[in-house]
Amino acid sequence: MRQQDRQITPEYIEITRWTASLGAITAEALAHRMGVSVNSARGRLSAAQRCGLLLRKRPLAGRPALYSVTRAGLRACDARGVRISKVEPSNANHLIACAATAAALEHCCPHHRIVGERELARDERERGRPLVRARLRALRGGESPLHSPDLVLWPCEPDGGLPLVVEVELTIKSHSRLVEICRAWTRSRAVAGVLYFAPPDVQRALLRAIAEARAAEQIVVMPLDSLPSVDASRDGGPR
């Protein structure tokens with residue numbers, strides 16, 4: 001066994017598994033999930049990086065670094081079939097917000113298992129069918145496109161009911177696009193409901209779309225900062 005392999009602990013494997021499911025995570029999100037300081041979480045991520053399980057990138061100045069899984073990491077945590085996420089300036093803020101939301105929901109929803117978009121896509125490919133998707137209107141007689149949520153809350157109990165889906169919306173989509181997505185979620189028989197987390201300006205756009213789609217019973221909009229989070233400033237802030 002290589003020295004590098006001997007350094008891989010079960011904790012690093014679990015961190016890598018969580019990273020693979022979400023696409024990328026931050027030290028702040030991991031700190032919240034594990035109940036440790038941000039510096040401690042950062043140390044764990046750096047150790048997993050040295051073992052070849054994770055890759056660190058910081059595409060946005062002043063924002064937290066993002067850690068994505070490597071191919072070796074996928075093999076180590078038995079997440080074969082999960083596709084590696086590309087961390088770029090265009091998607092960094094969304095990845096940061098999704099990781100923070102997933103960590104907070106694990107504490108708020110202990111009877112649910114949180115699954116990220118990457119893990120969901122892998123499961124759907126393996127089963128050969130959509131599991132939790134919103135089917136949009138067909139375009140010009142073609143096949144109806146599918147809209148994937150950012151996170152899924154699966155009940156831990158077999159008879160726990162249908163899953164909840166979570167959307168982390170940071171930017172305002174066109175009104176017609178939002179209305180169509182809301183209508184698609186209301187037509188879905190695979191979900192119990194939808195939680196949207198968004199900043200104030202996006203909340204207003206979402207509420208208008210939900211009203212037009214008559215989806216208020218199925219879709220709830222929450223402030224992006226309504227979930228508890230780690231105060232990164234207490235030990236040095238994002239690095």
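Where does Arg214 sit in the chain? In this predicted model, Arg214 falls in the loop between α9 (200-213) and β9 (219-223). Its backbone stands out a little: phi is positive, about 55°, although Arg214 is not a glycine. Arg214 counts as exposed because its relative accessible area is 76%, and the cut-off for that class is over 50%.

Arg214 has some company on the backbone side. Asp78, in the loop between α5 (71-76) and α6, also has a positive phi, near 55°, and is likewise a residue other than glycine. At 56% relative accessibility, Asp78 is exposed. Then there is Gly128, placed just after α7, with a positive phi of about 75°.

Stepping back to the whole chain, the fold is built from nine helices and nine strands. Buried residues account for 48% of the 239 residues. Of the contacts between residues at least 6 apart in sequence, 66% link residues at least 24 apart. As for confidence, the mean pLDDT is 88, with 90% of the residues at 70 or more. The exception to keep in mind is residues 230-239, where pLDDT is below 50; this stretch still has 28 contacts in the model beyond near neighbours in sequence. Where pLDDT is low, the predicted coordinates should not be read in detail.

Now for the interior. The largest nonpolar core takes in 36 residues, and those with the most contacts inside it are Trp18, Ile25, Leu45, Leu105 and Val166. At least two core residues come from each of α2 (10-22), α3 (27-34), α4 (38-50), α6 (89-108), β6 (151-155), β7 (164-168) and β8 (193-198). Helix α6 gives the largest share, seven residues. A second core, separate from this one, holds 27 residues, among them Val132, Val165, Trp185 and Leu206.

Ile25 is a handy way into the largest core, being one of the residues with the most contacts there. What does Ile25 touch, once residues up to four places away in sequence are set aside? The list runs to Ile15, Trp18, Thr19, Leu30, Leu45, Ala65, Leu66, Tyr67 and Ala99. Two of the names on it, Trp18 and Leu45, also appear among the residues with the most contacts inside the core.

Two helix pairs are worth a closer look. The first is α3 with α6, whose axes lie 8 Å apart and make an angle of about 5°. The pair is therefore roughly parallel, a label that applies to angles under 35 degrees. On the α3 side, the contact uses Ala29, His32 and Arg33; across from them in α6 are Ala99, Ala100, Ala103, Ala104, Glu106 and His107. By type, the residues of this contact come to five nonpolar, two polar and two charged.

Arg33, which belongs to helix α3, deserves a paragraph of its own. Is this arginine buried or exposed? Arg33 is buried: its relative accessible area is 18%, so it falls under the 20% cut-off. Leaving out residues up to four places away in sequence, Arg33 touches Ala103, Glu106 and His107, as well as Glu14, Arg17 and Trp18. Ala103, Glu106 and His107 are part of the α6 side of the helix contact described above.

The second pair is α2 with α7 (residues 117-127), whose axes come within 4 Å and cross at roughly 75°. That angle makes α2 roughly perpendicular to α7. Here Arg17, Ala20, Ser21 and Leu22 in α2 meet Glu117, Arg118 and Glu119 in α7. The residues of this contact split into two nonpolar, one polar and four charged. Farther into α7, the buried residues are Glu119, Leu120, Ala121, Arg122, Asp123 and Glu124. Their cover includes α2, β3 (112-116) and β6.

Last comes a loop residue, Pro59, found between β1 (54-57) and β2 (66-69). Pro59 counts as partly exposed because its relative accessibility is 24%. Its contacts, neighbours within four places in sequence aside, are with Val87, Glu88, Pro89 and Ala92. Along the chain, Pro59 and Asn91 are 32 residues apart, yet 9.4 Å separates their C-alpha atoms.

Technical notes. Residues are numbered from 1 along each chain as its sequence is written. This is a predicted model: local features need pLDDT of at least 70, side-chain atom pairs count only at pLDDT 80 or more; totals for chains, interfaces and linings use all residues. Side-chain values use heavy atoms; hydrogens and water are left out. A nonpolar core is a set of buried Ala, Val, Leu, Ile, Met, Phe, Trp, Tyr and Cys residues joined through side-chain atoms within 4.5 Å. Buried means under 20% relative accessible area, exposed over 50%, partly exposed in between (1.4 Å probe, protein chains only). Contact means heavy atoms within 4.5 Å. Axes are lines fitted to C-alpha atoms, for helices over the stretch in contact, and angles run from 0 to 180 degrees between N-to-C directions. Angles under 35 degrees count as roughly parallel, over 145 as roughly antiparallel, 65 to 115 as roughly perpendicular and the rest as oblique. Ala, Val, Leu, Ile, Met, Phe, Trp, Tyr, Cys and Pro count as nonpolar, Asp, Glu, Lys and Arg as charged, and the others, Gly among them, as polar. pLDDT is the predictor's confidence in each residue, from 0 to 100.
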